[in-house]
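Here are some short exercises to help you find your way around a new structure. Try each task yourself before you read its solution.

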Amino acid sequence: MKILVDADACPVKEIIVKLARQRSIPVTMLIDTSHQLNDGYSTVITVDKGADSVDYALMGRLSRDDIVVTQDYGLAAMVLGKGARAVNQNGLVFTTDNIDRLLMERHFSAAVRRSGGRTKGPAKRSKADNDKFEAVFRDMLD
């Protein structure tokens, strides 16, 4: 098992590294060229700043027993399709039971925005969000 992280906008990188280091699980952080990262533990892979370039690079490194941390529903769906596990930065574990609904909600929200409407953005990140992610992620690793 290894952990792969869609790390460009991931707010829980430190938690991931802390828990992975405790268990000696390898971590690969994937970023595009507009970001820099060095946490002293992870392997960092930098890819071109193209649309979905991090997603494609991540999928090329993914194995069935891996865990992916991403907030991208499309990437999560591909991860599940490959038999691996995925979780977002708030501790939502993506499953075959919830991914279709999440993708549909994303589609409807995008349609509203394209037609000039507004959709509610995410709430400001809190310590409780980090705590929930840490608890869920710890369970996934154990």
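Two strands count as paired if DSSP finds at least two bridges between them. Keep in mind that the model is predicted.

**Exercise 1. The sheet**

Task: Find the order of the strands in the sheet, and work out which strands stand at the edges.

Solution:
- Begin with the order. Six strands make up an open sheet, arranged S3-S2-S1-S4-S5-S6, and their pairing is mixed.
- Next, look at the ends of that order. Strand S3 (43-47) and strand S6 (93-94) each have a single partner strand, so one side of each has no neighbour in the sheet.
- Now see what packs on the sheet. Helix H5 (residues 127-141) does, touching strand S1 (3-6), S4, S5 and S6. The direction of H5 makes about 170° with that of S5.
- Finally, zoom in on one pair of strands. S4 (residues 67-69) and S5 (residues 85-87) run parallel and are joined by three bridges. Across this pairing, Ile67 stands opposite Arg85 in S5.

**Exercise 2. The nonpolar cores**

Task: Find which elements build the largest nonpolar core, and which of them gives the largest share.

Solution:
- Start with the core itself. The largest nonpolar core has 21 residues, and Ile3, Val5, Ile16, Val69, Phe133 and Phe137 have the most contacts inside it.
- Then assign residues to elements. S1, helix H1 (13-23), strand S2 (27-32), S4 and H5 each give two or more residues to this core.
- Compare the shares. H1 provides the largest one, with five residues.
- Check for another core. There is a second, separate one of 19 residues, with Leu4, Val54, Ala57 and Ala86 among them.
- To see the packing from one residue, take Phe137. Apart from neighbours within four places in sequence, Phe137 is in contact with Ile3, Ile16, Leu19, Ile67, Val69 and Val87.

**Exercise 3. Two helices and their covers**

Task: List the buried residues of H1 and H2, and find what lies against them.

Solution:
- For H1, the buried residues are Ile15, Ile16, Val17, Leu19 and Ala20. They pack against S1, S2, S4 and H5.
- For H2 (residues 53-61), the buried residues are Ser53, Val54, Asp55, Ala57, Leu58 and Met59. Their cover includes S1, S2, S3, S4 and helix H3 (73-81).

**Exercise 4. Positive phi angles**

Task: Where do Ser24 and Asp52 lie, and how exposed is each of them?

Solution:
- First, recall the background. Most residues other than glycine have a negative phi.
- Ser24 has a positive phi of about 55° although it is not a glycine. Ser24 follows H1, in the loop between H1 and S2. Its relative accessibility is 61%, and Ser24 therefore counts as exposed.
- Asp52 also goes against the background pattern, since its phi is positive, near 65°. Its place is in the loop between S3 and H2. With a relative accessible area of 42%, Asp52 is partly exposed.

**Exercise 5. Aromatic pairs**

Task: How many aromatic pairs are there, and how is each one arranged?

Solution:
- Know what to look for. A pair of aromatic rings is described by the distance of the centres and the angle of the planes.
- Count them. There are two aromatic pairs.
- Take Tyr73 and Phe94. Their rings are 5.8 Å centre to centre, with 70° between the planes, and the pair is edge-to-face. Tyr73 is in helix H3 and Phe94 in strand S6, so this pair ties together parts 21 residues apart in sequence.
- Compare the surroundings of these two. Tyr73 is partly exposed at 23% relative accessible area, whereas Phe94 is buried at 2%.
- Look around Phe94. Beyond its neighbours within four places in sequence, the contacts of Phe94 include Thr70, Ala76, Leu80, Ala86, Ile99 and Leu102.
- Turn to Phe133 and Phe137. Their ring centres are 5.1 Å apart and their planes are at 15°, which is under 30 degrees, so the pair is stacked. These two residues are four apart in helix H5, a separation of about one helical turn.
- Check burial. Phe133 is buried at 0% relative accessibility, and Phe137 is buried with a relative accessible area of 0%.

How values were computed. Residues are numbered from 1 along each chain as its sequence is written. This is a predicted model: local features need pLDDT of at least 70, side-chain atom pairs count only at pLDDT 80 or more; totals for chains, interfaces and linings use all residues. Side-chain values use heavy atoms; hydrogens and water are left out. Contact means heavy atoms within 4.5 Å. Axes are lines fitted to C-alpha atoms, for helices over the stretch in contact, and angles run from 0 to 180 degrees between N-to-C directions. A nonpolar core is a set of buried Ala, Val, Leu, Ile, Met, Phe, Trp, Tyr and Cys residues joined through side-chain atoms within 4.5 Å. Buried means under 20% relative accessible area, exposed over 50%, partly exposed in between (1.4 Å probe, protein chains only). Rings of Phe, Tyr and Trp (its six-membered ring) pair if their centres lie within 6.5 Å; planes under 30 degrees apart count as stacked, over 60 as edge-to-face and the rest as tilted.
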